[in-house]
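Colleague: Got a minute to go through this model with me? I'll put it up.

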Amino acid sequence: MDPQAAKLIGAGLAAIGAGMAAIGVGNVFGSFLESALRNPGAADGQQGRLFIGFAAAELLGLLSFVVAMILIFVA
Amino acid sequence: MAAEAGKVDPMHQFTIEPMFGTDGWQIGQYNIAFTNSAMWMVIAAFALLIFVAGGLKRELVPGRWQMAVESFTGFIDGLLATNVGPAGRKYIPYMFSLFMFILFANILGMLPLGIIGLHPFTFTSHFSATGVLSVMAFAIVLLVGFAKHKLHFFSLFVPHGTPLVMIPLIFVIELVSFLVRPFSLGLRLFVAMMAGHVLLEVLSGFVINGLNAGIGIGPVVSVLSFILMVAIVALELLVAGIQAYVFALLTSLYLNDAENLH
């Protein structure tokens, strides 16, 4: 296969990771909202944990973006 | 990478250029030119200085400006109080500067100054800038941790109640996750900012190419892309705030490890 074509296909495959991270981030906020509506009194105290979970889930999607960028512009 | 005719190069906006003819300045072998990145760091610092100075009137009944500054300091105070506890109070100046500097940098980079020909440069979209901020946080964790707990600091890598046979394995895993922190902290901010700006640039390329494509399908593409772009700008402003908050939050969690072990 042409190396340039292989690079672009690889970058496209890396975008799957971004979609997976989207599922993860949606899960984090969705679960938070679900339980926050059950017990609104406890919701504000858990915002720190919410954003820690968000940051952890998002980082992996950003890593796949980095892989795609490296494939297109660096490799 | 020079843009071809009719194609917008999304990476061009991240080019670092020397400003005001300082490209020849050097110390030893190292070029210390005053770049556009450095200029926007200075602008962010001055904007922050003006913002805080405007809120230092110490009126009994705060006006709008003082209220804005006080709500930010109160926010950082609350962040450290919940995550670090009473020992976190001494980090308030550092955390406030860190959070506000990143927030101002992110938001200044989003300003639509390109209309008047002045292109904002988001220095948080470079790993060299965010990396230094995260290494500073990491250095503070190491200094405080070793100064306060001496060699007992290594108990950070062995959580309470770990079975004896698991200790070597857990120690290695915790050590790696500890050492990776400065990278993941800096990488998150830099990639989130870069991704947003690349996305905006790609969409603006759609708008320009659509307008150039003539009467047929072009304007439809342009108008749709432009509407999407406005929505993405709103999202980017949200991301600018969230990423500054996440950076401050994770830094305070790491400081908590240094202060209280776990």
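Colleague: What is the chain over residues 50-74 of chain A, helix or strand, and how far apart are the end C-alpha atoms?

Modeller: Residues 50-74 of chain A are 100% helix and 0% strand, with the end C-alpha atoms 35 Å apart. Helices (H or I, at least four residues) and strands (E, at least two) are DSSP runs, numbered from the N terminus. This is a predicted model: local features need pLDDT of at least 70, side-chain atom pairs count only at pLDDT 80 or more, and totals for chains, interfaces and linings use all residues. Residues are numbered from 1 along each chain as its sequence is written, with chains lettered from A and ligands numbered from 1 in the order in which they are written.

Colleague: Which residues of chain A does the UniProt annotation "transmembrane region" cover?

Modeller: According to the unreviewed UniProt entry, residues 6-29 and 50-74 of chain A. Such annotations may be inferred rather than shown by experiment. Over residues 6-29 of chain A the chain is also 100% helix, and the end C-alpha atoms are 36 Å apart.

Colleague: Switching topic: how many residues does each chain give to the contact?

Modeller: Chain B gives 13 residues and chain A nine, where contact means C-beta atoms, placed from the backbone, within 7 Å. On the chain B side, α5(B) has the largest share, six residues.

Colleague: And at what angle do α4 and α5 of chain B pack?

Modeller: About 140°, with the axes 8 Å apart. Axes are lines fitted to C-alpha atoms, for helices over the stretch in contact, and angles run from 0 to 180 degrees between N-to-C directions. That makes α4(B) oblique to α5(B); angles under 35 degrees count as roughly parallel, over 145 as roughly antiparallel, 65 to 115 as roughly perpendicular and the rest as oblique.

How values were computed. Two residues are in contact if their C-beta atoms, placed from the backbone, lie within 7 Å.
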